[in-house]
Amino acid sequence: MEWKALNHNFRLQGAHLLTAVTLIALVFCAFSSPQAYANKFNTEVSSSARALGMGNAAINTERGPYSVFYNPANISAKDTGNRIQLVNFQLDGNAPLVSMASSGSIPKINDLSSLYGDLRNNPDTYVSGRYSVYPNVTLRQFSLGILYEVNQGAEVRNSDGALRVRARDRFGPIGAVSFRLFKGIFRIGASAQLLTVGDADSLLEPPIAQSSLDFKNNINSGSGLVTNAGVTLTLPFRFLPSFSVVARNIGGTRFTAPPMISFGSGRDVAPQPMTFDAAASLTIYLARRLEMKAEIDYRDYSNKLSGSRFRHVFFGSELIFYDLMKLRTGVAHGYISFGFGIGTPKASLELALYSDEKDDRLRGSPDTRYVLQYSWGLFK
């Protein structure tokens, strides 16, 4: 009886600690003012819907195929399992795109000429969408897949009629290996991807010839070899405190090779500097088959991207019922996110609502987005 009472007290203390940390993060966000920022912390090649619902804080807790992007060391985690995912796709649209689609007017998000007509009728409205596919084979300690992701959007500025065009496209095979030491207390892993990127953030001044508009004319495209490595330490104590460090773009990545897919006609792709991320997480068992995970990530520890301090911090939590249904919330870029997931050993459906920062400032210009992800595999 004494042990049960002590165990109950530990659970209550863990839940209270998690609640306090969440409230502090939310209050900090609410009173944070916009700050200038030089670049984004989208250092993963692709984000999972699960992570986006958790404020993209998933370096420690992401499992399975997307561990390759967040922390390759966790491919060898005990709960990764074996997966051959023939189907793994995401659809992501921002609020204006979803609003237009629900009213029956679906913009052609990949046809800039057609999209421009809708944007002129809705100035100062940024419309964007993303779709990605990521078939993969992920076994414990090994993963191999190929990513294809198109993320494009545009906006007509009301003040002068200028057209802003943005894109972040990705394609390439990726592989990773990971090893467990000391019964899984320590994990280490590395990944490599031959990556073709397509990047754009340009402003077209009027007059604009609609017939000649094309996303490809504004996108710079090139290929490079991206290598990442990570380590994770999970202590065998109550709440399983876990700590990770990940090195990204080891040695710096230059996209100077010809693109495997021609996302755009330009070739002037900005190099990516080597950065370091750190993360910590807890797992709190609230009741039988009911657990809660909480994670905090600190991206770009050496500040190579010159970001304001709070833009480095990502926080998220996940409540798991019977390993079947999952509720999520988090904070990224100073905005609150939410997520929901339901899954079986072979298939899963994930939904997320989050906000990206359109103008690279802390709480400066939010871009609210909706995500749907579905995956299906042969076995787990």
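A patch gathers residues with over 30% relative accessible area and no salt bridge, joining like charges within 9 Å and nonpolar side chains (Val, Leu, Ile, Met, Phe, Trp, Tyr) within 5 Å. The model shown is predicted: local features need pLDDT of at least 70 and side-chain atom pairs count only at pLDDT 80 or more, while totals for chains, interfaces and linings use all residues. Residues are numbered from 1 along each chain as its sequence is written, and side-chain values use heavy atoms, with hydrogens and water left out.

**View 1. A nonpolar patch lies on the surface.**
V137, L139, F142, L144, V177, F179, L181, F182, I185, I188, L233 and F243 together make a nonpolar surface patch of about 1,000 Å². β3, β4 and β5 are the elements that each give two or more residues to this patch; helices (H or I, at least four residues) and strands (E, at least two) are DSSP runs numbered from the N terminus. With 3 residues, β5 provides the largest share. To find one member for yourself, look in strand β4 for F142. F142 counts as partly exposed, because its relative accessibility is 36% (buried means under 20%, exposed over 50% and partly exposed in between, with a 1.4 Å probe and protein chains only). The areas themselves come from the Shrake-Rupley method with a 1.4 Å probe, and for residues only the protein chains shown count as cover.

**View 2. Y134 pairs with two aromatic partners, Y66 and F69.**
The structure holds 8 aromatic pairs (rings of Phe, Tyr and Trp, the last by its six-membered ring, with centres within 6.5 Å; planes under 30 degrees apart are stacked, over 60 edge-to-face, the rest tilted). In one of them, Y66 and Y134 meet edge-to-face, 5.5 Å centre to centre and with 70° between the planes. Y66 sits in the loop between α2 (49-53) and α3 (67-70) and Y134 in the loop between β2 (127-133) and β3 (136-139), so this pair ties together parts that are 68 residues apart in sequence. Now turn to F69, which forms a tilted pair with Y134: 5.2 Å between the centres and 50° between the planes. Because F69 belongs to helix α3 and Y134 to the loop between β2 and β3, this pair ties together parts that are 65 residues apart in sequence. Are these rings buried or exposed? Y66 and Y134 are both buried, and F69 is buried too.

**View 3. More aromatic rings: a cluster and a charge over a ring.**
Here you can pick out Y131, Y148, F171 and F263, which form one aromatic cluster. Elsewhere, R299 places its charged end over the ring of F314, 4.3 Å from the ring centre (for this, NZ of Lys or CZ of Arg must be within 6 Å of the ring centre and within 35 degrees of the ring normal).

**View 4. Salt bridges link distant parts of the chain.**
How many salt bridges does a search of the whole structure find? It finds 18 (a side-chain nitrogen of Lys or Arg within 4 Å of a carboxyl oxygen of Asp or Glu). One of them joins the side chains of E62 and R50, at 3.1 Å from N to O. E62 is in the loop between α2 and α3 and R50 in helix α2, 12 residues apart. E62 counts as buried because its relative accessibility is 5%, and R50 counts as buried at 11%. Another salt bridge runs between E149 and R168, whose closest N and O atoms are 3.9 Å apart. This one links strand β4 (residues 142-156), home of E149, to strand β5 (residues 163-181), home of R168, with the two positions 19 residues apart in numbering. E149 is buried, with a relative accessible area of 2%. In a third example, R289 and D323 bring their closest N and O atoms to 3.9 Å. R289 lies in the loop between β9 (275-287) and β10 (290-298), and D323 in the loop between β11 (313-321) and β12 (325-332), 34 residues apart. R289 is partly exposed at 39% relative accessibility, whereas D323 is exposed, with a relative accessible area of 52%. Finally, salt bridges that share partners join D92, R130, E149, R168, D367 and R369 into one network.

**View 5. Strand β14 pairs with β13 and β15.**
Strand β14 (residues 347-357) has 8 of its 11 residues buried, so it is largely enclosed by the rest of the structure. Strand β13 (residues 335-343) pairs with β14 in the antiparallel sense over 6 bridges (two strands pair if DSSP finds at least two bridges between them). You can follow the chain from β13 to β14 through a hairpin of 3 residues, and find G341 opposite E350 of β14. With strand β15 (residues 366-377), β14 runs antiparallel, joined by 11 bridges. Which residue in β15 is the bridge partner of A347? Look for W376.
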